[in-house]
Each structure stands twice: as C-alpha cells, then as structure tokens.
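Welcome! Let us take a friendly walk through this structure, starting with a pocket and moving on to the core, the chain as a whole and a few backbone details.

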Amino acid sequence: MNKKLVFLAMFSSFAVASAESLPETHDGFFLAFGLGLGSGNMKTEISGGNSTLTTTGTNSTFDFRIGGAVMEDLILHATLSGDAINSPKTTSSNGASGSPFSSVGMSLLGVGLTKYFMPLNAFVSTSGGLAKFSYQEKGASESKNIDGNGFGLQIKAGKEWWVSPNWALGASAVFNWATLTTDDYQIGTITLHETDTHRGFGVQFSATFQ
C-alpha cells in the first residue's frame, strides 16, 4: 500500500477517535508541544589524538509529539525534540578552556509512548530514535551538522491541568541523551575517530490536545 495512503488512514483513524473521545480523557488523537530551559553538556572524545573536550552551558529544549491512544491513557506517538546549549564554555582534557561556539545541540526524530495516571493527570513519557548533532561557531551566521550516525533518547515526567474539555496545560522535568560516532578523518598523518555524547536536563511547560 502507498505510504501516503497508510499515513492518511492512520490520521483519519486518530481524527475519528478524537471526535468520539470523551472530555478530559486520553482515548483519542494526541498532539503536544513542550518548551523549556535547563542545563546541558556535550562530551567529545577523540581517539588517535587522545583528547577529550567538554562543552557545558544553559540549554533550551523543545518537543513536538503527535499520535493517538492505543488504549485509554496510553499514547503511541511520533516525537521531534531538540536540545541546544547556548553560549557554552569548552574545556579540554589538558586544562585549556575557551568559548569557540555560540551554540551546540542535538535533535531527535523517533517514536515514543506516553502513559497517563488518572485521575491525577500525571504522566511519564519516553521516546527514542535517530539523533543529529550540530554546532555554530562564534561569528558564523549558520550552524553546521556533525556527520555521523547517532541515536538518542528523551525521558520526561510531569503533570497537566485541564483548561477545556480537550486542552491541557502542564509542566514536566525532561532528560535528553544522545550519542553520535563520526566518520574517521585525517589531521596531518593522524587518523582521528570521534564520539560525541550529549546530555541535557530541563523543565518544560507544555500544551496538549487530547
């Protein structure tokens, strides 16, 4: 079957479920946005050069989740999330430090599950999928991607309050983690192998349609 037809069929089923959903319940279409602040770090380990760089600073986080209930209070969804460390400081394993970047960050595209606990309307959510890393050097107008294969996870837990039959506002704690291994590259006669690991902690405010 054509992929577009499959997507339309899934979306239609979620829309019908939403139309039949009871107010203040988690049994149909699901759409959620999150935005927050916290702190994060990215550790870069370079073999061949035998060095480690650690980049730390305050971060900004967001996520977007869309899907539907597979059973009441259990949501299956696609997840797009991002975590950017702003104006970070970088320290090397030899003790040198500086601020060469205006930002470093990661983005995650994957799938996840969100479980609600009623009647508290509290939830836990986890997502996993493909991760991409990026950085922007100071003075540069655009960010650059780090080439390589990455995997990431997002875990969050929080509580929401109904503000209408289908809309809820909430707050949550969120943890983002991702790792990426780059393609080998040469500096002079040395072949370098790089692994980047990103961790971010934050508090998010959210708006959810259910």
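## A pocket and its surroundings

By class, eight nonpolar, three polar and three charged residues form the lining of the second largest pocket. Keep in mind that this is a predicted model. The volume of the second largest pocket is about 230 Å³. Its lining counts 14 residues, and those closest to the centre are Met42, Thr44, Leu53, Phe101 and Glu194. Two or more lining residues come from each of strand 1 (29-47), strand 2 (51-71), strand 5 (101-117), strand 6 (122-137) and strand 11 (190-209). Strand 1 gives the most to this lining, with three residues.

## The nonpolar cores

Which residues make up the largest nonpolar core? There are ten in all: Met42, Ile85, Val104, Met106, Leu108, Ala131, Phe133, Ile146, Ala178 and Leu180. Strand 5, strand 6 and strand 9 (167-182) each give two or more residues to this core, and strand 5 gives the most, with three. Met42 therefore appears twice in our tour: as one of the residues closest to the centre of the second largest pocket and as a member of the largest nonpolar core.

Ala131 is a good place to look at the packing. Leaving aside residues up to four places away in sequence, Ala131 touches Met106, Ser107, Gly150, Phe151, Gly152, Ala178 and Leu180. A second, separate core has five residues, among them Phe30, Ala32, Ile75 and Phe123.

## The chain as a whole

The protein chain contains one helix and eleven strands. Along the sequence, the pattern reads α-β-β-β-β-β-β-β-β-β-β-β. Of its 210 residues, 38% count as buried. Among contacts with a separation of 6 or more, 64% join residues 24 or more positions apart. The chain exposes about 11100 Å², with carbon and sulfur atoms supplying 65% of that area.

## Backbone details in the loops

Two residues have a positive phi although neither is a glycine. Here they are side by side:

| Residue | Phi | Relative accessibility | Loop |
|---|---|---|---|
| Asp73 | about 75° | 13% | between strand 2 and strand 3 (74-92) |
| Asn121 | about 60° | 2% | between strand 5 and strand 6 |

Are these residues buried or exposed? Asp73 counts as buried because its relative accessibility is 13%, under the 20% cut-off. Asn121, at 2%, counts as buried too.

The loop between strand 5 and strand 6 also holds Pro119. The peptide bond from Met118 to Pro119 is cis, with omega near 5°.

Notes:
Residues numbered from 1 in each chain as written. Predicted model: local features only at pLDDT ≥ 70, side-chain atom pairs only at ≥ 80, totals over all residues. Heavy atoms only, no water. 1 Å grid on protein atoms, 1.4 Å probe; cavity = no way out; pocket = protein on both sides within 12 Å on 5 of 7 lines; lining within 4 Å. Points joined across faces, edges and corners; volume = space filled by probe spheres on them. Helix = DSSP H or I, 4+ residues; strand = E, 2+ residues; numbered from the N terminus. Nonpolar A, V, L, I, M, F, W, Y, C, P; charged D, E, K, R; others polar. Core = buried A, V, L, I, M, F, W, Y, C linked by side-chain atoms within 4.5 Å. Buried < 20%, exposed > 50% of the residue type's maximum accessible area, 1.4 Å probe, protein only. Contact = heavy atoms within 4.5 Å. Areas by Shrake-Rupley, 256 points an atom, 1.4 Å probe, with all protein chains shown as cover.
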